[in-house]
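User: Could you take me through the structure shown here? I would like to discuss helix packing, charged pairs and nonpolar cores.

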Amino acid sequence: MRVLVIEDERGLAAAIADGLAEEGFVTDASYDGVDGLWRAVHEPYDAIVLDLMLPGLSGYEVLKRLRAARVWAPVLILTAKDGEYDEADALDLGADDYLSKPFSYVVLVAHLRALLRRGAPARPAVLAAGDLALDPARRRCHRAGREIPLTAREFTLLEFLLRHPDEVVSKTDILDHVWEENFDGDTNVVEVYVGYLRRKIDAPFGRRTIETVRGAGYRLHGAGR
(Lines give C-alpha, C1' and ligand atoms only; values in the text may rest on other atoms or scores of the structure.)
Protein backbone atom coordinates (compact mmCIF):
# COMPACT_ATOMS: atom_id res chain seq x y z
CA MET A 1 0.00 0.00 0.00
CA ARG A 2 1.37 3.41 -1.01
CA VAL A 3 0.77 6.39 1.29
CA LEU A 4 1.54 10.07 0.75
CA VAL A 5 2.30 12.13 3.88
CA ILE A 6 1.84 15.90 3.35
CA GLU A 7 3.30 17.53 6.47
CA ASP A 8 5.51 20.61 6.77
CA GLU A 9 7.17 19.51 10.02
CA ARG A 10 9.96 17.50 8.42
CA GLY A 11 10.88 15.64 11.59
CA LEU A 12 7.30 14.53 12.13
CA ALA A 13 6.86 13.62 8.46
CA ALA A 14 10.01 11.50 8.57
CA ALA A 15 8.90 9.79 11.78
CA ILE A 16 5.50 8.97 10.28
CA ALA A 17 7.07 7.72 7.05
CA ASP A 18 9.62 5.56 8.91
CA GLY A 19 6.95 4.12 11.20
CA LEU A 20 4.63 3.32 8.31
CA ALA A 21 7.50 1.68 6.44
CA GLU A 22 8.01 -0.63 9.40
CA GLU A 23 4.33 -1.56 9.09
CA GLY A 24 4.83 -2.51 5.45
CA PHE A 25 3.63 0.71 3.77
CA VAL A 26 5.47 2.41 0.92
CA THR A 27 5.55 6.06 1.96
CA ASP A 28 6.39 9.34 0.22
CA ALA A 29 6.55 12.72 1.95
CA SER A 30 5.79 16.27 0.79
CA TYR A 31 6.49 19.34 2.90
CA ASP A 32 4.19 21.95 1.36
CA GLY A 33 0.73 22.11 -0.16
CA VAL A 34 1.80 22.81 -3.74
CA ASP A 35 4.12 19.79 -4.02
CA GLY A 36 1.73 17.60 -2.07
CA LEU A 37 -1.17 18.45 -4.37
CA TRP A 38 0.93 17.78 -7.48
CA ARG A 39 2.03 14.38 -6.19
CA ALA A 40 -1.47 13.39 -5.08
CA VAL A 41 -2.97 14.28 -8.47
CA HIS A 42 -0.23 12.83 -10.70
CA GLU A 43 0.90 9.77 -8.75
CA PRO A 44 -1.23 6.82 -7.56
CA TYR A 45 -1.67 6.61 -3.78
CA ASP A 46 -3.86 4.30 -1.74
CA ALA A 47 -4.21 6.88 1.05
CA ILE A 48 -3.09 10.39 1.96
CA VAL A 49 -2.15 11.80 5.39
CA LEU A 50 -2.70 15.56 5.20
CA ASP A 51 -1.84 18.38 7.60
CA LEU A 52 -4.07 21.48 7.48
CA MET A 53 -1.49 24.18 8.25
CA LEU A 54 0.80 23.99 5.20
CA PRO A 55 2.91 26.54 3.34
CA GLY A 56 2.02 27.24 -0.27
CA LEU A 57 -1.52 25.87 -0.12
CA SER A 58 -3.47 25.09 3.02
CA GLY A 59 -4.61 21.54 3.67
CA TYR A 60 -8.19 22.71 3.12
CA GLU A 61 -7.29 23.99 -0.36
CA VAL A 62 -5.31 20.85 -1.19
CA LEU A 63 -8.29 18.71 -0.19
CA LYS A 64 -10.76 20.83 -2.15
CA ARG A 65 -8.62 20.68 -5.30
CA LEU A 66 -8.05 16.95 -4.94
CA ARG A 67 -11.76 16.23 -4.87
CA ALA A 68 -12.40 18.71 -7.69
CA ALA A 69 -9.81 16.75 -9.72
CA ARG A 70 -11.76 13.57 -8.88
CA VAL A 71 -8.94 12.08 -6.82
CA TRP A 72 -10.79 9.86 -4.36
CA ALA A 73 -7.92 8.33 -2.37
CA PRO A 74 -8.92 8.26 1.33
CA VAL A 75 -7.60 11.31 3.18
CA LEU A 76 -6.69 11.26 6.88
CA ILE A 77 -6.38 14.75 8.35
CA LEU A 78 -3.60 14.98 10.94
CA THR A 79 -3.32 18.43 12.51
CA ALA A 80 -2.86 20.58 15.59
CA LYS A 81 -6.17 22.29 14.77
CA ASP A 82 -8.61 20.41 16.99
CA GLY A 83 -11.71 22.64 16.95
CA GLU A 84 -14.98 20.96 16.07
CA TYR A 85 -15.61 23.43 13.24
CA ASP A 86 -12.18 22.71 11.75
CA GLU A 87 -13.00 19.01 11.79
CA ALA A 88 -16.45 19.62 10.28
CA ASP A 89 -14.98 21.80 7.51
CA ALA A 90 -12.41 19.15 6.61
CA LEU A 91 -15.00 16.37 6.51
CA ASP A 92 -17.38 18.51 4.46
CA LEU A 93 -14.62 19.13 1.91
CA GLY A 94 -14.12 15.40 1.45
CA ALA A 95 -11.77 14.14 4.17
CA ASP A 96 -12.40 10.58 5.35
CA ASP A 97 -10.98 10.75 8.87
CA TYR A 98 -9.44 13.24 11.31
CA LEU A 99 -6.85 12.97 14.07
CA SER A 100 -5.55 15.78 16.29
CA LYS A 101 -1.93 16.27 17.35
CA PRO A 102 -0.51 15.00 19.61
CA PHE A 103 -1.64 11.58 18.47
CA SER A 104 -1.00 7.97 19.35
CA TYR A 105 0.98 6.31 16.59
CA VAL A 106 -0.87 3.05 17.23
CA VAL A 107 -4.17 4.86 16.69
CA LEU A 108 -2.84 6.54 13.53
CA VAL A 109 -1.94 3.19 12.00
CA ALA A 110 -5.28 1.69 13.02
CA HIS A 111 -7.18 4.58 11.41
CA LEU A 112 -5.10 4.32 8.27
CA ARG A 113 -5.65 0.56 7.98
CA ALA A 114 -9.40 1.08 8.43
CA LEU A 115 -9.42 3.64 5.59
CA LEU A 116 -7.48 1.29 3.35
CA ARG A 117 -9.88 -1.57 4.08
CA ARG A 118 -12.78 0.62 3.00
CA GLY A 119 -10.92 1.66 -0.14
CA ALA A 120 -11.81 4.63 -2.30
CA PRO A 121 -15.10 4.05 -4.12
CA ALA A 122 -15.96 6.73 -6.65
CA ARG A 123 -18.31 9.24 -5.12
CA PRO A 124 -20.40 11.91 -6.78
CA ALA A 125 -18.81 15.33 -6.50
CA VAL A 126 -22.09 17.07 -7.31
CA LEU A 127 -25.63 16.67 -5.99
CA ALA A 128 -28.27 17.19 -8.65
CA ALA A 129 -32.00 17.40 -9.29
CA GLY A 130 -32.71 17.82 -12.97
CA ASP A 131 -30.67 20.82 -14.13
CA LEU A 132 -30.10 22.03 -10.55
CA ALA A 133 -26.59 21.16 -9.35
CA LEU A 134 -24.89 21.71 -6.00
CA ASP A 135 -21.17 21.11 -5.48
CA PRO A 136 -20.45 20.80 -1.73
CA ALA A 137 -16.68 20.73 -2.21
CA ARG A 138 -16.54 23.91 -4.29
CA ARG A 139 -19.49 25.51 -2.46
CA ARG A 140 -21.17 26.37 -5.75
CA CYS A 141 -24.71 26.07 -7.07
CA HIS A 142 -25.85 26.12 -10.70
CA ARG A 143 -29.11 25.82 -12.58
CA ALA A 144 -29.43 25.68 -16.36
CA GLY A 145 -25.79 26.71 -16.64
CA ARG A 146 -26.23 29.80 -14.46
CA GLU A 147 -24.42 30.16 -11.13
CA ILE A 148 -26.69 30.93 -8.16
CA PRO A 149 -25.17 32.70 -5.13
CA LEU A 150 -26.37 31.23 -1.83
CA THR A 151 -25.75 32.19 1.78
CA ALA A 152 -24.16 29.57 4.04
CA ARG A 153 -27.54 28.67 5.58
CA GLU A 154 -29.29 28.48 2.22
CA PHE A 155 -26.50 26.25 0.90
CA THR A 156 -26.73 23.87 3.87
CA LEU A 157 -30.52 23.71 3.62
CA LEU A 158 -30.42 22.93 -0.10
CA GLU A 159 -27.71 20.30 0.46
CA PHE A 160 -29.86 18.60 3.10
CA LEU A 161 -32.88 18.53 0.78
CA LEU A 162 -30.81 17.23 -2.14
CA ARG A 163 -29.48 14.41 0.03
CA HIS A 164 -33.10 13.35 0.68
CA PRO A 165 -34.67 13.56 -2.80
CA ASP A 166 -38.37 12.80 -3.08
CA GLU A 167 -38.63 12.37 0.71
CA VAL A 168 -40.92 14.44 2.90
CA VAL A 169 -38.77 16.10 5.57
CA SER A 170 -40.37 17.93 8.49
CA LYS A 171 -39.40 21.33 9.85
CA THR A 172 -38.03 19.53 12.92
CA ASP A 173 -35.82 17.32 10.72
CA ILE A 174 -34.51 20.39 8.95
CA LEU A 175 -33.85 22.27 12.18
CA ASP A 176 -31.99 19.26 13.59
CA HIS A 177 -29.67 19.00 10.59
CA VAL A 178 -29.31 22.56 9.33
CA TRP A 179 -29.50 24.77 12.42
CA GLU A 180 -27.36 24.77 15.56
CA GLU A 181 -27.93 21.98 18.08
CA ASN A 182 -29.30 24.33 20.75
CA PHE A 183 -31.48 26.42 18.45
CA ASP A 184 -34.65 27.38 20.33
CA GLY A 185 -36.17 29.95 17.99
CA ASP A 186 -39.38 29.85 15.98
CA THR A 187 -39.68 26.84 13.64
CA ASN A 188 -41.12 29.23 11.04
CA VAL A 189 -37.53 30.21 10.28
CA VAL A 190 -37.47 27.08 8.11
CA GLU A 191 -40.38 28.39 6.05
CA VAL A 192 -38.56 31.71 5.66
CA TYR A 193 -35.40 30.05 4.34
CA VAL A 194 -37.32 27.73 2.03
CA GLY A 195 -38.86 30.89 0.62
CA TYR A 196 -35.40 32.39 0.12
CA LEU A 197 -34.30 29.26 -1.74
CA ARG A 198 -37.37 29.19 -3.96
CA ARG A 199 -36.76 32.80 -5.00
CA LYS A 200 -33.23 31.86 -6.05
CA ILE A 201 -33.40 28.33 -7.48
CA ASP A 202 -37.00 28.11 -8.73
CA ALA A 203 -38.70 31.44 -9.47
CA PRO A 204 -36.17 32.79 -12.03
CA PHE A 205 -36.36 29.50 -13.94
CA GLY A 206 -40.10 28.87 -13.76
CA ARG A 207 -39.59 25.73 -11.66
CA ARG A 208 -41.16 24.20 -8.53
CA THR A 209 -38.40 21.97 -7.22
CA ILE A 210 -39.32 22.33 -3.54
CA GLU A 211 -42.88 21.30 -2.72
CA THR A 212 -44.73 22.17 0.49
CA VAL A 213 -46.48 19.11 1.87
CA ARG A 214 -49.25 20.50 4.05
CA GLY A 215 -48.97 19.48 7.68
CA ALA A 216 -45.86 17.38 7.02
CA GLY A 217 -42.97 19.45 5.70
CA TYR A 218 -41.18 19.76 2.38
CA ARG A 219 -40.23 17.54 -0.53
CA LEU A 220 -37.51 18.22 -3.10
CA HIS A 221 -38.26 16.55 -6.41
CA GLY A 222 -35.20 14.54 -7.37
CA ALA A 223 -35.81 14.76 -11.09
CA GLY A 224 -36.32 18.49 -10.96
CA ARG A 225 -39.64 20.08 -11.80
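Analyst: The exchange below takes up these topics in turn. This is a predicted model, in which local features need pLDDT of at least 70 and side-chain atom pairs count only at pLDDT 80 or more, while totals for chains, interfaces and linings use all residues. Residues are numbered from 1 along each chain as its sequence is written, and side-chain values use heavy atoms, with hydrogens and water left out.

User: What span should helix α1 have, and how far apart are its end C-alpha atoms?

Analyst: Helix α1 covers residues 10–22, and its 13 residues should span 18 Å at 1.5 Å a residue; the end C-alpha atoms are 18 Å apart, which agrees. The expected span is 1.5 Å times one less than the number of residues. Helices (H or I, at least four residues) and strands (E, at least two) are DSSP runs, numbered from the N terminus.

User: Which residues of α1 are buried?

Analyst: They are A13, I16, A17, G19 and L20. Buried means under 20% relative accessible area, exposed over 50%, and partly exposed in between, with a 1.4 Å probe and protein chains only. Seen down the axis of α1, the buried residues fall within an arc of 165° (taken from the directions from the helix axis to the C-beta atoms), so they line one face of the helix. On the other side of α1, R10, G11, D18 and E22 are exposed.

User: What covers the buried residues of α1?

Analyst: The cover includes strands β1 (2–6), β2 (26–30) and β4 (75–79), together with helix α5 (105–118). After α1 comes G24, with a positive phi near 100°.

User: Changing topic, how many salt bridges are there in the whole structure?

Analyst: A search finds 15, where a salt bridge is a side-chain nitrogen of Lys or Arg within 4 Å of a carboxyl oxygen of Asp or Glu. One of them joins E23 and R113, at 3.3 Å from N to O. E23 sits in the loop between α1 and β2 and R113 in helix α5, so this pair links distant parts of the chain, 90 residues apart. E23 is partly exposed at 38% relative accessible area, and R113 is partly exposed at 33%.

User: Is the R143 side of its pair with D202 buried or exposed?

Analyst: R143 counts as buried, at 0% relative accessibility, and D202 is buried too, at 3%. The closest N and O atoms of their salt bridge are 3.0 Å apart. D202 lies in helix α8 (residues 188–202) and R143 in strand β8 (residues 140–143), so the pair ties together parts that are 59 residues apart in sequence. D131, R143, D202 and R207 are linked in a network of salt bridges.

User: And what about the nonpolar core; which members touch the most others in the largest one?

Analyst: The largest core has 27 residues, and L134, L150, L158, I174, V190 and I210 touch the most other members. Such a core is a set of buried Ala, Val, Leu, Ile, Met, Phe, Trp, Tyr and Cys residues joined through side-chain atoms within 4.5 Å.

User: Which element gives the most to this core?

Analyst: Helix α6 does, with six residues. I174 touches L157, F160, L161, V169, W179, V190 and Y218, not counting residues up to four places away in sequence; contact means heavy atoms within 4.5 Å. Apart from this core lies another, of 22 residues, among them L4, L54, V71 and V75.
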